[in-house]
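Please look over the structure below before reading the notes that follow. They are grouped by topic and are meant to be read alongside the coordinates.

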Amino acid sequence: MKNKIDYSSDWNLDPAPESTGHIKLKTKYNLFIGGKWVKPKSGKYFATINPATEHKIADVAEAGQADVDAAVKAAKTAYDTVWSKLSGKERGKYIYRIARLIQEKAREFSVIESLDSGKVIRESRDIDIPLAAAHFFYYAGWADKLEYAFPNRQPKSLGVAAQITPWNFPMLMIAWKIAPALAAGNTVVLKPAETTSLTALKLAEVIQEAGLPDGVVNIVTGYGKTGAMMVEHKDVDKVAFTGSTGVGKIIMKSIAGTNKKSTMELGGKAANIIFEDAPLDQAVEGIINGIYFNQGHVCCAGSRLFVQESVYDVVLRKLKDRMESLYVGDPMDKNTDIGAINSKKQLDVINDYIKIGKAEGADIYQPKCKIPKKGFWCKPTLFTNVAQSNRIAQEEIFGPVLAIQTFRTVDEVITKANNTPYGLSAGVWTDKGSKVFNLTSQLKAGVVWANTYNKFDPTSPFGGYKESGHGREGGLHGLEPYLKFD
Amino acid sequence: MAEKDYRLSPRVDQVGIQDRVDRITKRSVKSEAKRKGLLMTLNMIDLTTLEGADTDFKVKQMCYKAQHLHDSFPGLPTTAAVCVYPNFVKAAVNEVKGSGVKVASVATAFPSGHSSSEIKLLDTKIAVDNGAHEIDMVISRGKFHSGEYNFVHDEIAAIKEACGKARLKVILETGELGTFDKVRRASDIAMDAGADFIKTSTGKISPAATLPVTLVMLEAIKDYYYETGKMIGMKPAGGISNSKLALQYLLMVKETLGGKWLSNEWFRFGASSLANDVLMQIMKQESGNYQSKDYFSKD
């Protein structure tokens with residue numbers, strides 16, 4: 001290309017760090033069981049670190065079998081004696097109270113979220129925490145209207161829900177789980193991911209402050225082992241899991257043959273499809289938002305890009321240009337676009353896939369941005385010259401790595417987009433409405449965005465086809481997995 | 001070569017444009033970056049008076065201000081230009097002589113653009129003959145809406161020729177175009193016809209300049225640059241009256257077109273009251289306190 005735009009400039013932004021002085025964190029966290037902070041009977045603690053600096057933030061309890069037993073018992077007692085006897089209206093009041101408290105402490109929550117997870121403050125402040133509060137508000141409204149939500153079906157709560165949440169949207173995923181469970185009349189034992197326990201523990205404080213009856217929500221921290229103990233517990237009536245497809249399969253095997261209901265929100269490898277008649281500059285913004293949002297740690301990330309061949313060169317040029325103005329680095333800086341990779345473990349996974357992509361013969365491109373020395377970082381990355389049979393085009397990388405393919409016809413791209421074991425989400429970019437409707441009806445994905453990407457709202461159900469899981473979270477549909485019907 | 005069909009200009013999605021703008025408005029410009037950005041802003045202003053009540057004396061006052069923004073604080077730049085009606089060009093040229101401040105004149109039956117071709121050409125020629133360095137013309141929006149794109153194109157080309165050495169800014173009056181698709185189309189026509197700058201608005205129609213509409217035009221400039229290698233300038237005008245907003249415009253230019261466009265050679269603000277707000281911010285950065293508005297001259 002003869003002309004190239006030079007994005008370097010002698011006018012550059014100065015650091016604009018969000019202040020952290022206002023947050024209140026303990027150095028050591030116990031388990032939140034039966035409305036009280038209790039020391040783990042296991043006696044074990046593990047460190048949670050800031051992935052941007054590798055500094056330890058706090059020690060967090062690791063729940064063992066006796067702790068899980070105590071938590072489930074507390075939840076069951078609370079269900080039998082208090083929560084199942086309350087009217088929907090009363091339950092709603094508590095949930096509203098939690099929502100309001102999250103809103104009041106939004107700043108503290110977002111700073112803690114960014115410190116603990118590596119996600120940028122812009123996202124935790126503008127997306128994660130406000131959306132988490134919105135989920136509580138939304139489901140609080142349903143608590144006394146279940147009869148109207150499911151007319152003539154006599155909805156009834158299930159009992160104790162064991163909920164296991166991931167590290168990519170720690171607080172938001174907790175809201176997705178706890179809010180509908182409480183609205184439907186269940187009690188909860190929740191385990192956050194081991195690398196991001198802090199906002200869950202902060203939420204426990206909010207729950208105390210809201211005066212929720214003891215044991216209605218119990219928060220136990222720990223690794224996968226703790227989660228397995230929860231899932232296998234005989235007094236658990238419902239399992240809700242968000243995480244990898246691999247773990248989802250293990251959970252489904254372990255609850256097979258029991259009466260436990262389940263919701264699984266698992267992996268994805270979404271197709272983001274750009275037609276030649278699309279608004280290309282905005283499509284490029286959608287590609288960026290689709291794959292680099294939250295460092296690509298997004299189950300619905302638009303990680304497979306399909307570009308119609310006639311506009312491939314121009315889309316690639318625009319995409320590379322756009323990548324030049326992405327700031328990578330300190331998650332606490334208000335100007336940062338791409339923060340830290342959540343853990344060393346995940347960084348290794350991503351780096352392995354980058355190696356695999358190179359070995360498969362795909363061409364790698366990364367912008368010139370600098371990354372900090374300490375902490376876990378990955379530059380925004382894209383691969384061109386990718387084949388559908390490449391592993392980087394088939395497997396979920398869960399990082400800021402985009403695999404780009406071209407296509408010629410509508411039928412071809414539908415076939416390729418559906419040619420994956422996953423089916424969580426997809427994006428379609430075209431100026432033609434009829435094309436949008438054709439694709440939305442043919443793509444096997446739980447969510448299809450048209451001319452936008454990664455838009456979330458509490459009223460909209462979210463969930464997958466095929467190995468991306470089952471059950472829906474959000475909207476009216478999100479209540480159903482927490483209810484039984486006569 | 002087949003004649004270009006401007007109906008095929010790239011499409012623009014409103015929601016997507018707003019998303020991109022939101023990313024830019026959330027950026028935080030602090031410390032040295034802010035100081036530099038504010039000084040750059042002052043130096044990019046086309047200080048403007050376009051009122052029915054304009055007089056030689058009013059123009060003279062404004063010309064002095066353009067060269068002496070706030071003399072009690074040394075080291076400030078001048079504005080890029082002053083912008084006046086054609087009949088004040090002579091007076092303005094006389095006032096800014098030797099200062100480096102350019103004189104821009106609106107022309108072509110500003111602001112409506114409704115007049116005969118002869119009058120529009122003459123309007124331009126008189127301004128140029130009187131020494132205007134830059135001409136801010138308006139496009140014929142009526143013809144544009146009728147789909148007479150060739151007319152609009154040829155009219156701009158004719159004015160460009162009449163400009164001689166003067167640089168031509170083409171005002172699209174985006175507030176009258178209705179959609180971003182049309183803004184993009186009008187930008188493409190203006191650039192093809194020889195515009196040196198494309199400009200959003202006359203300031204007489206609301207909405208005038210907005211960040212989204214400016215982004216659409218900057219993207220058009222970028223595509224044109226890749227296509228032809230020619231740099232085109234951008235001038236949002238009207239409605240930009242505070243420093244924060246001005247800095248957001250500059251960030252948008254930086255992130256869309258790169259550092260090369262960050263000079264008054266390629267980017268201007270058409271504004272009458274922006275300068276004082278920028279001055280106030282600069283003084284605040286210097287002294288730590290906001291000063292009274294009455295410390296800054298209003299002319």
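**Briefing: helix H3 and its surroundings**

In this predicted model, the buried residues of H3(A) are Glu108(A), Phe109(A), Ser110(A), Val111(A), Ile112(A), Glu113(A), Ser114(A), Leu115(A), Asp116(A) and Ser117(A). The helix is thus mostly covered, with ten of its twelve residues buried.

**Helix H3 of chain A**

- The cover over the buried residues of H3(A) includes two strands, E4 (45-50) and E5 (55-61), together with helices H2 (88-104), H4 (121-142), H6 (170-183) and H7 (198-209), which also belong to chain A.
- Helix H3 of chain A runs over residues 106-117, and because a rise of 1.5 Å a residue predicts a span of 16 Å, the 16 Å between its end C-alpha atoms agrees with expectation.
- Directly after H3(A) comes Gly118(A), with a positive phi near 90°.

**Chain A as a whole**

- Chain A contains 15 helices and 20 strands. Its radius of gyration is 22 Å, close to the 23 Å that the globule rule gives for 486 residues, so chain A is as compact as a globular protein of that length.
- Along the principal axes, the C-alpha atoms of chain A fill a box of roughly 75 × 50 × 35 Å, and buried residues account for 62% of the 486 residues.
- Of the contacts in chain A between residues at least 6 apart in sequence, 75% join residues at least 24 apart.
- Carbon and sulfur atoms contribute 53% of the accessible surface of chain A, which comes to about 17,800 Å².
- Chain A carries 62 positive and 53 negative charges, and the mean positions of the two sets lie 4 Å apart.

**Positive phi outside glycine in chain A**

- Phe398(A), in the loop between helix H13 (391-394) and strand E16 (401-407), has a positive phi near 60° although the residue is not glycine; with a relative accessible area of 17%, Phe398(A) is buried.
- Asn454(A), in the loop between strand E18 (447-450) and strand E19 (469-470), likewise has a positive phi, near 55°, in a residue other than glycine, and Asn454(A) is buried at a relative accessible area of 8%.

**Loops of chain B**

- The peptide bond from Phe110(B) to Pro111(B) is cis, with omega near 0°, and Pro111(B) sits in the loop between strand E3 (102-107) and helix H5 (117-129).
- A cis peptide bond, with omega near 0°, also leads from Ser206(B) to Pro207(B), and Pro207(B) belongs to the loop between strand E6 (197-199) and helix H9 (211-228).
- Ala53(B), in the loop between strand E1 (45-48) and helix H3 (56-67) of chain B, counts as exposed because its relative accessibility is 61%.

Methods. Residues numbered from 1 in each chain as written. Chains lettered and ligands numbered in written order. Predicted model: local features only at pLDDT ≥ 70, side-chain atom pairs only at ≥ 80, totals over all residues. Heavy atoms only, no water. Helix = DSSP H or I, 4+ residues; strand = E, 2+ residues; numbered from the N terminus. Rg over C-alpha atoms; globule rule 2.2 N^0.38 Å. Buried < 20%, exposed > 50% of the residue type's maximum accessible area, 1.4 Å probe, protein only. Contact = heavy atoms within 4.5 Å. Areas by Shrake-Rupley, 256 points an atom, 1.4 Å probe, with all protein chains shown as cover. Lys, Arg positive; Asp, Glu negative; His and termini not counted. Charge placed at Lys NZ, Arg CZ, Asp CG, Glu CD. Expected span 1.5 Å × (residues − 1).
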